[in-house]
Each structure stands twice: as C-alpha cells, then as structure tokens.
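Student: I would like a close look at a single part of this model, taken slowly and with the terms spelled out.

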Amino acid sequence: MTYLVNVLYIVAFALFILGLSGLTGPKTAVRGNWIAATGMAIAVVATLIKVRDTATINWILIAAGLLIGVVLGVPPAKKTKMTAMPQLVALFNGVGGGTVALIAWSEFIETDGFSVFKPEHEPTVALVVGSLFAAIIGSVSFWGSLVAFLKLQESIPKNVEKALVRSAKLFQAANIVLLIGAVAAAVFIGVNAGHGSPAWLIVLVLVLAGVMGLFVVFPIGGADMPVVISLLNALTGLSAAAAGLALNNTAMIVAGMIVGASGSILTNLMAVAMNRSIPAIVFGSFGGGATGAGPAGGDQGTVKATSAGDAAIQMAYANQVIVVPGYGLAVAQAQHTVKEMAEILESKGVEVKYAIHPVAGRMPGHMNVLLAEADVEYDAMKEMDDINGEFARTDVTLVIGANDVTNPAARNDPSSPIHGMPILNVDQSRSVIVLKRGMSSGYAGIENPLFFLEQTSMLFGDAKKSVSEVIEELKAL
C-alpha cells in the first residue's frame, strides 16, 4: 500500500501543477480548477489509505468533517456573485490557516506537550518545529483573513476604519511585542521538547499570533487589500507546508509549497505594479476604504456631465475606443452589457480594446474574470504595460467604475499618497467618458483630478443602466 500511496501522491502533484498552469488564462481557468480539484481528491484518498491502519483513526469523525466541509463550502461558492468573490477568497483562505493552527494544537495535545513520541511522529524535530511554525503563521493567516473579509464586506464602520488606519504606528509597535512573545513561547516549547510543556503555552502562542494577525491587517487601507489577500494566501500555503512536515504528509508539503510560492510571486508582482514594496504595504498603507472626497470639484474645478446620446455619438465615430473596467462595473454586473455595446461599435468599424490594471477591482485578476464571464476575447484584454502607449492615439476612453488606477495624481503629484503607483494613462486620450454613480472617491479615499480635465465628461448613474442607454442610442444612429 505504501507504493500505491506514493503513486497516488505523484499523480496528485502532477495534477496540481497542470491545474495551476491552466489558471494563466480565462479560457482554461475553469478546466484548470477542475484538474487541481481532482488532484486534491486523489491526495485525500491517498492520505486516507495511508492512515487506514492507525489505531486512533475515527472514520465517523472523518466522514462528518467531509460532510460539514461540503455543506459549508459548496453553496457559497456556487451562489456568491463576482462582486463578493474577493470576500469569499479571503474567508476560505482564512479557514485554511485556522485549520493548520488547529492541527498544530492537536499535535501538541497528542504528544502531551511534545514529550511522548510515536513512530509516526518521526522525525521529531520536524514535528516540533513544523507544528510551532504552523501554529504562528496559521493563526496570523486566520485572524488576518477575517479582518480582510470584514473590510472587503464593508462591515467595519467607515469612521472606525479611518481610526484604525490612523493608528498604524501603534499597531506596528504592538506587533513587534506580539511577535517577540509568540516566538519566545514557541522557542521555550521547542527547547523543552521531550520533557513536555504546559498546555497554556501553546494557547499563548496561538493567541499572541492571532492578535498579531488582527493588528497587521487592521491599519491596512482598502487600496492595498488585493495585495494583502495574496500575501495571506501565501502565508496559509507556507503554514500548510509546515504542518505537512509535522505530520510527515508529502501531499501537504507539496501543495503548501505550491500555494506559498505562487502566492509570494503574485504578491511581489502586485506590489511592483503599485510601485511599492511589500513592507511599505504592510507597514505604511494608504487609504481606509471608499469614504468620499468631500464636495465635488473642491478646488480642482468643475465637472462636465454628458448624456448617453452624446457618449454614443463620440464612440460611434471613433477609430478606437478603450474600455477601462473597475469595481463599479463589477457592482453593476455590467460586463455583458459592455460586451454587447462593444459588438455594436465593432459592427460600425470601431476597434474596441479593454485596459486591465493589475490591481483593478478587489482581487488579483478580478476584471479579467468578469470580462471572460461575458465572453470577451482574451486577446482584447490588454495589460497596463501593453495598452498605455495606445491612449495618446485613442479617440475615446470609457472608464466604467475605475478610479484609483486612472488617477493622474499618481504620476504628477508628489504629495499624493499614491504617487509613484503605475496607472493607466487615461488622461492622455483625446476624450474621456467616466461612468460613475456620483463623485465619491475611490477605494484609496482620495480625489481623482481626471474627472476635472477639459477632455473628460461624466455620465452619472448605474453603470449597467447607463451602458444600456448608450446601446439604444447606438442602435438609433
């Protein structure tokens, strides 16, 4: 059976990697998910075969756990709208980290404080070190992901979130103390491995790490949340790999390292896309959520409102139109309507492209997934570096619910909190039409000078309704 288990694990690992490679494009992403899920199912079966002869195994509890997981996991995954997908990802990621922390706790209990070891615990150093590492990182990931979920869900009152962001320095100082305390307690447990440690010590490690997870994410602003989700995902993967070392489970080690490595790479890519370092995001975030920017215009000037008819005329007689999707498009579920509008424009000889900023929306790849859902051709979705040179020769750019990723202050205003962040060069277009419900600020909580430029006009209202009105006007031309 040992050979069978090893063969099944190898098959599972191959499917993990094949499935991950399928996530590189919207057309293959669904298939990639199914392939990876199949690999995980094979890994679970292999693990159950591996432990079948363990005297303490309780098949009723295992069956109950699987059933509860299916009941709690499948319905939200099927019913959650794309607008709430970032929250679901944060929550599911947190559950993974919490599970790892509980595994570490259970290993401590089973070995009587790491004092009594069995053959299956070999090597004991891996058990002790892996369990303690998993306890700290898993707890940080769990509690940090819960805060990320609440922030994305906008369940934290805006005034409270502002206060949390302003208290970043206090949280940072507290985190240093918490980290030292958690590591010191873990080291004490490790040094006393073989002699046993009191149960309250492992609880102290979990509590200190959990509070640190809360304090790390509390002051991080909304504009940085996509990076935070990716970082927490990487931490969960690393903690799972550590738990795999503790349990001597190859599947957990490999799967955890794949998640940890891919999450780390994605986190770094997103940080680079924002021209900020990961420490700067964690310890010096900007923005506390979409809190509004005060009176429209302020000292920026005045905005010009437009109508669906005028927008339709501008686009119908353009050579090229670039659509810039943002979170407002997701909220309005306007992707299918935008696709219909693009088809009408293309039938009139207008070239339509989509400009995708790496951190548009509230989750990596958010806009790509939305547009792919509406059968937008992948080749029409252009990444920031590929499309920025196009704006200067574009007749009309249609900005739908995007804000911070089009803010020219990031390029022109050294005093802006987002200065230095690469943006889509929308302001270089000959004409810009911005679809928004009102003049509230973006997720970074700062005003966008783009809205007050001479070539910019605002089409106020729900994005889906506004695009539908534009479609009717296009049909009438």
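How many residues of domain 2 are in contact with residues of domain 3, and how many residues of domain 3 take part?

Tutor: This is a predicted model, in which local features need pLDDT of at least 70 and side-chain atom pairs count only at pLDDT 80 or more, while totals for chains, interfaces and linings use all residues. Residues are numbered from 1 along each chain as its sequence is written, and side-chain values use heavy atoms, with hydrogens and water left out. The chain is divided into domain 1 (1-78), domain 2 (80-283) and domain 3 (308-476), with bounds that come from an automatic or database domain assignment. Between domain 2 and domain 3, 18 residues of the former are in contact with 20 residues of the latter, where contact means heavy atoms within 4.5 Å. The centres of these two domains, taken over C-alpha atoms, are 37 Å apart. Together they bury about 1,700 Å², and carbon and sulfur atoms give 71% of that area (buried area is the accessible area, with a 1.4 Å probe, that two parts lose on being put together, summed over both). On the domain 2 side, Met82, Thr83 and Ala273 supply 34% of the area buried against domain 3, which is more than any other three residues. As for charge pairing, the rule finds zero salt bridges across the interface of domain 2 and domain 3, a salt bridge being a side-chain nitrogen of Lys or Arg within 4 Å of a carboxyl oxygen of Asp or Glu.
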